[in-house]
Amino acid sequence: MRTSLLALCAFLFAAQASAQTTIQRDPQLAKAVANVSSDSLRSYINKLVSFGTRHTMSSPTDPKRGIGAAREWVVQKFREFGKAAEGRMNAFVDTVTLQPDGRRVDAATLLGNAMGILKGTDPADDRVYIISGHIDSRVTDVMNRNAEAPGANDDGSGVAAVLECARVLSAMKFPATIFFVAVAGEEQSLLGSTYLANKAKAANWNIDAVLNNDIMGSNNSNETAIIDNTKLRVFSEAFSVQDTGRAFQNIRNLGLENDGRPRQLARYVKEVGERYVDNLQVMLIYRNDRFLRGGDHTSFVNKGYTAVRLTEMNENFNHQHQDLRTDKGVVYGDLPEFMDFEYLRKNTAVNLSVLASLASAPSVPQDVKVETRNLTNSTQLAWKVPKVGKPKGYYVLLRETTSAVWQKKFFTPETSISLPYSKDNYFFAVQAVSENGFESLMVVPTPAR
Ligand SMILES: [Zn+2]
């Protein structure tokens, strides 16, 4: 009896563990993903390192050394890659003069974000998707603008991912617009991304998602000596700054503390990234960033935008924010020789598949509501068509309240659905899906009263 019970348990566990996921890749996007090259990524990083330092307060004008030369080079690459876009790519350095702030800026500084804007093909579609990395680098003393600061991984890796996505995606057409951005001033307190996020807010840009890539090309940890290039972390915050008053009451009442927009974006990154990139697991981390540390997505989430951070699984602090030196046989410094370009290729490919999917998809379904007028054990959802794009239908997503990821997808060509699952016991969301299978971000229903 006992043996058979154990056998039954083992069988049930095996059944659970072998639950199958259907992988359906769009052939064109799969081809683009295969085009992401570790050799290209390595060459961008070697070039970025060749500028000696990219400290935010290094020379803006020296043609060979410093951040000025580096950002000009990035813009030149955007222009070169943008030729394939036949006039849809616009590249420039977006500058602003910073005054000393008594903190991490001690002299008037010409801050410059390198921008490549791939304009969408649908004039009615004002959605913007942003991929960013930071171009600036640092050593142990954050104010030291003269020392060699290679910044190969922090954040040459993020900038290289931005460049590679620009190279591959420029040759493709998307209804929505994609911004390829290498911001400056990250190490001096997120100054370039704050400038860009403020600008976006003032101009009312319709930014649907921001993917911030910072430190994503090294596969090993110091101290714990873990070596693993099969996991990528995505950090997402629980609440938006806009979740105050009634919105916050709603989250408390409905138990939606894991269903904020950045967290949905993180789930999207996991699903689509793992769909297109082999031998890579996207790990959802339920916090905005690493413990007491920050990144450029924070400038966007602080303005209410949907932004996440993509970062390698294991950080090596011997190669981060370090003066180049050898001490007791340990080599310190952020050099390309400590990177894994195959790992960076996979992490870049996740970005590319997510950007291309979102920019190809219809916009989100509007006015997504769950019927609450009567007590029922089934769940009725209704929504309105997206503002832009022609959906072939919608996925209604379902998961248990303790599940981190969506577990079932119901397809419907209609704009409403009734499901025999209680809204008391499951979470729901709706996403629009295009003819080619590209999904919008998911929208959690609000009560219809
Ligand atoms: Zn960084």
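This briefing describes a zinc site, salt bridges, helix crossings and some backbone features of one protein structure. The model is predicted, and every value below is computed from its atoms. Among the features found are a zinc ion held by donors from His-134, Asp-154 and Asp-214, 25 salt bridges in the whole structure, and a cis peptide bond that joins Asp-154 to Asp-155.

**The zinc site**

- The zinc ion takes its protein donors from His-134 through NE2, from Asp-154 through an OD atom and from Asp-214 through OD atoms listed twice, with distances from the ion of 2.0 to 2.7 Å.
- Along the chain, the donors of the zinc ion follow the spacing H-x19-D-x59-D, and within this pattern His-134 and Asp-154 are a pair that links distant parts of the chain, 20 residues apart.
- His-134 belongs to strand S3, which covers residues 127-134, whereas Asp-154 sits in the loop between S3 and helix H5, the helix of residues 156-169.
- Both His-134 and Asp-154 are buried.
- The angles among the 4 donor atoms run from 52 to 144°, and the site is irregular; a tetrahedral site would need all angles to lie between 85 and 135 degrees, so the range of 52 to 144° does not meet that condition.
- For comparison, the ideal angle for four tetrahedral donors at a metal is 109.5 degrees.

**The backbone beside the zinc site**

- The peptide bond between Asp-154, a zinc donor, and Asp-155 is cis, with an omega of about 5°.
- Asp-155 is found in the loop between S3 and H5, which is also where Asp-154 is placed.
- Most peptide bonds are trans.

**Salt bridges**

- Side chains of opposite charge can pair when their charged atoms come close, and a search of the whole structure finds 25 salt bridges.
- Asp-125 and Arg-127 form one of these, with 2.7 Å between their closest N and O atoms; Asp-125 counts as buried because its relative accessibility is 7%, and Arg-127 counts as buried because its relative accessibility is 4%.
- Arg-275 forms a salt bridge with Glu-439, where the closest N and O atoms are 2.8 Å apart, and this pair links distant parts of the chain, with the two positions 164 residues apart in numbering.
- Within that pair, Arg-275 lies in helix H8 (residues 261-276), while Glu-439 lies in the loop between strand S16 (426-434) and strand S17 (446-448); Arg-275 and Glu-439 are both buried.
- Glu-371 and Arg-373 also meet in a salt bridge, at 2.8 Å from N to O, but here Glu-371 is partly exposed at 22% relative accessibility, and Arg-373 is exposed with a relative accessible area of 59%.
- A network of salt bridges links Asp-214, Arg-233, Asp-289, Arg-290, Arg-293, Arg-309 and Glu-315, and Asp-214 is a residue that also provides donors to the zinc ion.

**Helix crossings**

- Helix H2 (residues 27-35) and helix H10 (residues 341-360) have axes that come within 9 Å and cross at roughly 150°, and H2 and H10 are therefore roughly antiparallel to each other.
- The crossing of H2 and H10 is right-handed.
- Helix H3 (residues 38-49) and H5 have axes that come within 9 Å and cross at roughly 130°, an angle that makes H3 oblique to H5.
- The crossing of H3 and H5 is likewise right-handed.

**Residues with positive phi**

- Most residues other than glycine have a negative phi.
- Leu-292 has a positive phi, near 60°, and is placed in the loop between strand S7 (281-285) and helix H9 (297-301), where Leu-292 counts as exposed because its relative accessibility is 83%.
- Asp-367 likewise has a positive phi, near 55°, but it lies in strand S11 (residues 366-371) and counts as partly exposed at 42% relative accessibility.

**Ser-240**

- Ser-240 is found in the loop between strand S6 (231-235) and helix H7 (245-254), and it counts as buried because its relative accessibility is 13%.
- Ser-240 and Gly-151 are 89 residues apart in sequence, and their C-alpha atoms are 31 Å apart in space.

Notes:
Residues are numbered from 1 along each chain as its sequence is written. This is a predicted model: local features need pLDDT of at least 70, side-chain atom pairs count only at pLDDT 80 or more; totals for chains, interfaces and linings use all residues. Side-chain values use heavy atoms; hydrogens and water are left out. Donors are N, O and S atoms within 2.8 Å of the metal (3.2 Å for Na, K and Ca); water is not among the atoms, so sites may look incomplete. Four donors count as tetrahedral if all angles lie between 85 and 135 degrees; four count as square planar and six as octahedral if opposite donors are over 155 degrees apart and all others between 65 and 115; anything else is irregular. Helices (H or I, at least four residues) and strands (E, at least two) are DSSP runs, numbered from the N terminus. Buried means under 20% relative accessible area, exposed over 50%, partly exposed in between (1.4 Å probe, protein chains only). A salt bridge is a side-chain nitrogen of Lys or Arg within 4 Å of a carboxyl oxygen of Asp or Glu. Axes are lines fitted to C-alpha atoms, for helices over the stretch in contact, and angles run from 0 to 180 degrees between N-to-C directions. Angles under 35 degrees count as roughly parallel, over 145 as roughly antiparallel, 65 to 115 as roughly perpendicular and the rest as oblique. A crossing is left-handed if the near helix is turned anticlockwise from the far one by less than a right angle, and right-handed if clockwise.
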